[in-house]
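Please read the explanation below with the sequence and the coordinates side by side, so that each residue can be located as it is named.

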Amino acid sequence: MNETGNFNFERKGLSLRLRYWRDSYHTLVNIPHIRFLGIVIMVYFIQFFSFAWLYVLWGSDQTAEEEHACLKGVHDFMTSLWFSVQTSMTIGYGSYGLTPNPECIRLNILVTLQAVLSLLVDYAVMGLMYSRLSRPA
């Protein structure tokens, strides 16, 4: 310390605010609950809409007959969004006529990718929630 009471070193690098946001784990554990909930909802919606867009591009085949289409029953973005939510949340396709064709390889790969990504997002959210709730008050 010098005679004015200040430290004799100079801090360099990122500011405290930028260092805080670069560490995503501690940021997500320490932000307010409502902001955390908003981020989690946003991540799920990004996942739903991204895969729905991919299902429209790769899954719905407007030129093929209904029985030979990769994704039966999907002809627009809203039904592909519904299919994306059902796949991601493992609800099941039920009797809505939204059934993937097992012979369509690219669609099967896409459904598998969404299922694995959904599991990873779910596990990350569960881990963050456990970390947030198990901290001492």
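What follows moves from the overall fold to the aromatic rings, then to the surface, and finally to a few individual residues.

The model shown here is predicted. The protein chain contains five helices and two strands, and when these are read along the sequence they follow the pattern α-α-α-β-α-β-α. Of the 137 residues in the protein chain, 27% are buried. Among the contacts in the protein chain with a separation of 6 or more, 64% are accounted for by residues 24 or more positions apart. The accessible surface of the protein chain comes to about 9800 Å², and carbon and sulfur atoms own 66% of that area.

The aromatic side chains offer a useful way in. A search of the whole structure finds six aromatic pairs. In one of them, the rings of Tyr44 and Phe48 have their centres 6.2 Å apart and their planes at 35°, so the pair is classed as tilted; stacked would require planes under 30 degrees apart, and edge-to-face would require over 60. Tyr44 and Phe48 both belong to helix H3, which spans residues 33–59, and because they are four residues apart there, about one helical turn separates them. Tyr44 is buried, as is Phe48.

A second pair has another geometry, for Tyr55 and Phe83 meet edge-to-face, with 4.9 Å from centre to centre and 80° between the planes. This pair links distant parts of the chain, since Tyr55 sits in helix H3 and Phe83 in helix H4 (residues 77–88), with their positions 28 residues apart in the numbering. Are these two residues buried or exposed? Tyr55 has a relative accessible area of 0% and is therefore buried, and Phe83, at 0% relative accessibility, likewise counts as buried.

Beyond single pairs, ring pairs join Tyr44, Phe45, Phe48, Phe49 and Phe77 into a cluster. An aromatic ring also takes part in an arrangement with a charged side chain, as Arg132 lies over the face of Phe36, at 4.5 Å from the ring centre.

Turning to the surface, a nonpolar patch is formed by Ile34, Leu37, Ile41, Phe45, Phe49, Trp53, Leu57, Trp58, Phe77 and Met78, which together have about 1000 Å² of accessible area. Which helix supplies the largest share of the nonpolar patch? The largest share, eight residues, comes from H3, while H3 and H4 each supply at least two residues of the patch. Phe45, Phe49 and Phe77, which are among the patch residues, are also members of the ring cluster described above.

Trp58, one of the residues of the patch, deserves a separate look. Trp58 lies in helix H3, and with a relative accessible area of 40% it is partly exposed, because that class covers values between the limit of 20% for buried and the limit of 50% for exposed. Leaving out residues up to four places away in sequence, Trp58 touches Cys70, Arg106 and Leu110. Of these partners, Cys70 is twelve residues from Trp58 in sequence, and the C-alpha atoms of Trp58 and Cys70 are 8.1 Å apart in space.

The last stop is Leu98, whose place is in the loop between H4 and strand S2 (99–100). At 4% relative accessibility, Leu98 counts as buried. Which residues are in contact with Leu98, leaving aside its neighbours within four places in sequence? They are Lys72, Gly73, Val74, Thr79, Trp82, Phe83, Gln86 and Tyr93. Phe83, which was met above as the ring partner of Tyr55, is 15 residues from Leu98 along the chain, and their C-alpha atoms are separated by 6.8 Å.

Another contact of Leu98 is Lys72, which lies in strand S1 (residues 71–72). Lys72 and Leu98 are 26 residues apart in sequence, yet their C-alpha atoms are 5.5 Å apart in space. Whereas Leu98 is buried, Lys72 is partly exposed, with a relative accessible area of 27%.

Note on methods:
Residues numbered from 1 in each chain as written. Predicted model: local features only at pLDDT ≥ 70, side-chain atom pairs only at ≥ 80, totals over all residues. Heavy atoms only, no water. Phe/Tyr/Trp six-rings, centres within 6.5 Å; stacked < 30°, edge-to-face > 60°. Buried < 20%, exposed > 50% of the residue type's maximum accessible area, 1.4 Å probe, protein only. Lys NZ or Arg CZ within 6 Å of the ring centre and 35° of its normal. Contact = heavy atoms within 4.5 Å. Areas by Shrake-Rupley, 256 points an atom, 1.4 Å probe, with all protein chains shown as cover. Patch = residues over 30% accessible without salt bridge, like charges linked within 9 Å, V, L, I, M, F, W, Y side chains within 5 Å. Salt bridge = Lys/Arg side-chain N within 4 Å of Asp/Glu carboxyl O.
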